[in-house]
Each structure stands twice: as C-alpha cells, then as structure tokens.
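Dear colleague,

I am passing on the structure we spoke about, followed by some notes on what was found in it. Please read the notes with the coordinates open beside them.

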Amino acid sequence: MRLLLVEDDLQLSQSLSKALKREGFSLQTVSSGREAIVSLEFDPIDIVILDLGLPDMDGLEVLKQIKVKKITCQVLVLTARDQLSDKVKGLDAGADDYLVKPFEYAELSARIRVLERHLSHREQPLLQIGELSLDPSGHVAFLQGKDLELSKKEYMLLKALMESIGRIQTKESLEAKLYDYGEEVMSNSIEVHIHHLRKKIPKGLIKTVRGIGYTIKKGLN
Ligand code: CA
C-alpha cells in the first residue's frame, strides 16, 4: 500500500509520517499542491491524504487534477473545522473520505484501513519479474512459488524496486521509504539490505547505478 501525504504543516507531517511508517505503510510526503500532482503523475499511489490548506493552491484543485488526469487512487481529505463547507465541496469533488483537524492518529489510521479494504476488493496486482513475484496485499514475495522469507526491510526494498521496474531509485529515496523521519540510518544500510536481498533473488536482477542508486531489471535477458 503506497501512501502520499500532502501536508504543509511540517510538525504534523513528520509525526504522521513516523506513525504511518511504523504501521508498515510505504509513504511519501510532500508539502505543496504542485509537488503532490507531480508525485501522483509519476509514482503509483494508492491513497492520498490531502490537506486542503496548501501554500501554493487549494487542496481541492489537487483533487480536481486527480480527476482530470484520471489518476486512480483513494483520497482522504484533511480539513480545518472552520472550513467545514470545504469538506462538503471536497466530497462533491470526489474525495473518498474526510477528517476534521485536529484528529487523533487512531482515527486517521482507522479511516486508512477502510480505504485499504476498498482497494483490496479491487485487488492489488501481483508484481512480477519472471519467476519472482511480490504480493503487495499479502506482504510476501515468492521465487518459483516458494516464499522468499524476506526481512521487513528487504521486503520494502524489493517492493520499492518492483513498483518501478526499470527506473532508477536513488539511495535517498529508498532510505525515505524504508526508514522513519529522524530514525538513525547508517550510511551503508541500503547497501547492506541490497546485499542480503541479492542473495535471495536471481543473480543480476538488481543493478547498481554507481553513485546514484539501484534499479531492478524487467527480466534477466
Ligand atoms: Ca495546511
């Protein structure tokens, strides 16, 4: 499940990000409407948590762009109590749910679970490269039908790579997907996880792009 958090309140964004990652969500955060639209166009996002009061544009404008560009994702709108009428506008504009600020994290988490269930009914496609497959709904990866028994970080790493086959993932973007904000990350930790992951999947599948990051190939040929 890939989440995009669009929130310009840095403190709120950081605390939500930390809590969501702890629950195992793969999460990206942005703080403006423009960045949100770019992320949505280029990355596969399942659920967008969208603040309406953004510095560069109204969150409803982001919502409109999602519909115009026919981006498939669930949208959970965050709105301040004094913008209650926006809430109604948000739902009219195609938001799937809304939450009034301030809210308890547990409430947000519960709403995300509901959206997640909606999505799982649509069934998340299996990610596949030859005989290697990763099932995002089951949080499990297989090689020739056999469970790869990946650690949580190895799984998240493989998922991040397989979600954008053929595209380069920088070391920094992988770190952001694997670790919480503020969490201590050793400078070589991605290399270490890649090293372990490589031993479990077909040789040569993960390619190192020197000085930049990693990419996973479409196949071995
Ligand atoms: Ca705001």
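What percentage of the 221 residues in the protein do buried residues make up? Buried residues account for 47% of the 221 residues, and please keep in mind here and below that this is a predicted model.

As to the overall form, the C-alpha trace spans about 55 × 35 × 30 Å along its principal axes, and the radius of gyration is 18 Å, which agrees with the value near 17 Å that a compact globule of 221 residues would have. The secondary structure comprises eight helices and twelve strands. Of the contacts between residues at least 6 apart in sequence, 57% join residues at least 24 apart.

Turning to the surface and the charges, the protein exposes about 11700 Å², of which carbon and sulfur atoms supply 51%. There are 32 positive and 33 negative charges, and the mean positions of these two sets lie 6 Å apart.

The remaining notes concern the calcium ion, whose protein donors are D8 (OD), D51 (OD) and G53 (O), at 2.2 to 2.4 Å from the ion. Along the chain these donors follow the spacing D-x42-D-x1-G. Two of the donor residues can also be described by their accessibility: D51 has a relative accessible area of 4% and is therefore buried, since buried means under 20%, whereas G53, at 33% relative accessibility, counts as partly exposed.

With kind regards

Key
Residues numbered from 1 in each chain as written. Predicted model: local features only at pLDDT ≥ 70, side-chain atom pairs only at ≥ 80, totals over all residues. Heavy atoms only, no water. Helix = DSSP H or I, 4+ residues; strand = E, 2+ residues; numbered from the N terminus. Rg over C-alpha atoms; globule rule 2.2 N^0.38 Å. Buried < 20%, exposed > 50% of the residue type's maximum accessible area, 1.4 Å probe, protein only. Contact = heavy atoms within 4.5 Å. Areas by Shrake-Rupley, 256 points an atom, 1.4 Å probe, with all protein chains shown as cover. Lys, Arg positive; Asp, Glu negative; His and termini not counted. Charge placed at Lys NZ, Arg CZ, Asp CG, Glu CD. Donors = N, O, S within 2.8 Å, 3.2 Å for Na, K, Ca; no water.
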